[in-house]
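Open the structure in a viewer and keep the selection panel at hand. The stops below say what to select next and what is there.

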Amino acid sequence: MIIDAHTHKYREYPDNSEVLQVVNIQSRAEFESLKNKHNVILSYGLHPWLIDDHNIDWSLLHDVSIVGEIGIDKAINTPIDKQIAIFEEQLQYAKESNKDVIVHCVRAYNEVQQSLKKINFPNRVLFHAYRSTLEMAQQLMRCCDAYFSFGSRELSFPKCQYVKENLPQERVFWETDNE
C-alpha cells in the first residue's frame, strides 16, 4: 500500500491502486463528505497561516484521527508568541486525546522542539514538507517520535534528497500536499 501522508486534496485512484490518503480538512462539510471514503484518514488543526482569521473548531478536532496541520512559521506576520500558544494548545489536546500530529514548520524547528518537550508529547509527529538538515531531523527523532514527509517540491532540492536518502526509511513518507 502507498501512503500519501499529507494532502489537502482527496483523489480518486483507480480501483487496483491502494493509496491511503491522510487528508487535511478545514471544515465540517469536508469532514462529512470524506468521513466514509475508503483508505482515507482525516486530519484537522489550526494552521499557523490561519491563526489571525480563524478559531479552532474543537468539535472537528475531536472527530478527526490526527491533529494537524499545526505548527510555527517564522515567515509570516503572526506574532511568534501567539503561534506558539496555539500550537501548544493543540499539542496538549492531541496528547490528552492520544492523537498523532502533523507539523508545519518554517524556520522554527527549535521552537517546535521546545514546545514538544514542554508538553512532553508522547505520540507520533509527522514533519510535513521537511526542508531542514539531516542533523535537525536526527535531533527531532531524539526529541519525539518523529517522521518526515517529502513532496515533489522538497525533492527538487538536493539537500532534501540527501536528507530523505539518509533517514531511516521507516521514518520517511511521500506527500502530495497541494499538488
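The helix axes used at the first stop are lines fitted to C-alpha atoms over the stretch in contact, and the angle between two of them runs from 0 to 180 degrees between N-to-C directions. Bear in mind throughout that this is a predicted model.

**Stop 1: H4 and H5**

Select residues 109–119, helix H4, together with residues 134–143, helix H5. Their axes lie 10 Å apart and make an angle of about 10°. Angles under 35 degrees count as roughly parallel, and H4 and H5 are therefore roughly parallel to each other. Now show side chains: H4 brings Tyr109, Asn110, Gln113, Leu116 and Lys117 to the contact, while H5 brings Met136, Gln139, Leu140 and Cys143. By type, the residues of this contact are five nonpolar, three polar and one charged.

**Stop 2: H3**

Move to residues 80–97, helix H3. A distance drawn from its first C-alpha to its last reads 25 Å, close to the 26 Å expected for its 18 residues at 1.5 Å a residue. Which residues of H3 are buried? Select Gln83, Ile84, Ile86, Phe87, Glu88, Gln90, Leu91, Tyr93 and Ala94. To see what covers the buried residues of H3, add helix H2 (58–63), strand E4 (66–73), strand E5 (100–106) and H4, which are among the covering elements. Then step past the end of the helix to asparagine 98, which follows H3 and has a positive phi, near 55°.

**Stop 3: lysine 74 and glutamate 111**

Lysine 74 sits in the loop between E4 and H3. Select its surroundings: leaving aside residues up to four places away in sequence, lysine 74 touches Ile80, Val106, Arg107, Ala108 and Glu111. With glutamate 111 the contact includes a salt bridge, at 2.6 Å from N to O. This pair links distant parts of the chain, since glutamate 111 belongs to helix H4 and is 37 residues from lysine 74. Is each partner buried or partly exposed? Glutamate 111 has 17% relative accessibility and counts as buried, whereas lysine 74, at 38%, is partly exposed. For a distance across the model, pick lysine 74 and asparagine 166: their C-alpha atoms are 27 Å apart in space, and the two are 92 residues apart in sequence.

**Stop 4: other salt bridges**

The whole structure has twelve salt bridges. Select aspartate 63 and arginine 28, whose closest N and O atoms are 2.6 Å apart in one of these bridges. Aspartate 63 is in helix H2 and arginine 28 in helix H1 (residues 28–34), so the pair ties together parts that are 35 residues apart in sequence. Both are partly exposed: aspartate 63 at 34% relative accessibility and arginine 28 at 28%.

Next select aspartate 177 and arginine 153, which form a salt bridge of 3.0 Å, N to O. Aspartate 177 is in the segment after strand E8 (172–174) and arginine 153 is in helix H6 (residues 152–155), 24 residues apart. The relative accessible area of aspartate 177 is 7%, so this residue is buried; arginine 153, at 40%, is partly exposed. Finish by selecting Arg28, Glu32, Lys35 and Asp63 as a group, which salt bridges with shared partners join into one network.

How values were computed. Residues are numbered from 1 along each chain as its sequence is written. This is a predicted model: local features need pLDDT of at least 70, side-chain atom pairs count only at pLDDT 80 or more; totals for chains, interfaces and linings use all residues. Side-chain values use heavy atoms; hydrogens and water are left out. Helices (H or I, at least four residues) and strands (E, at least two) are DSSP runs, numbered from the N terminus. Angles under 35 degrees count as roughly parallel, over 145 as roughly antiparallel, 65 to 115 as roughly perpendicular and the rest as oblique. Contact means heavy atoms within 4.5 Å. Ala, Val, Leu, Ile, Met, Phe, Trp, Tyr, Cys and Pro count as nonpolar, Asp, Glu, Lys and Arg as charged, and the others, Gly among them, as polar. The expected span of a helix is 1.5 Å times one less than its number of residues. Buried means under 20% relative accessible area, exposed over 50%, partly exposed in between (1.4 Å probe, protein chains only). A salt bridge is a side-chain nitrogen of Lys or Arg within 4 Å of a carboxyl oxygen of Asp or Glu.
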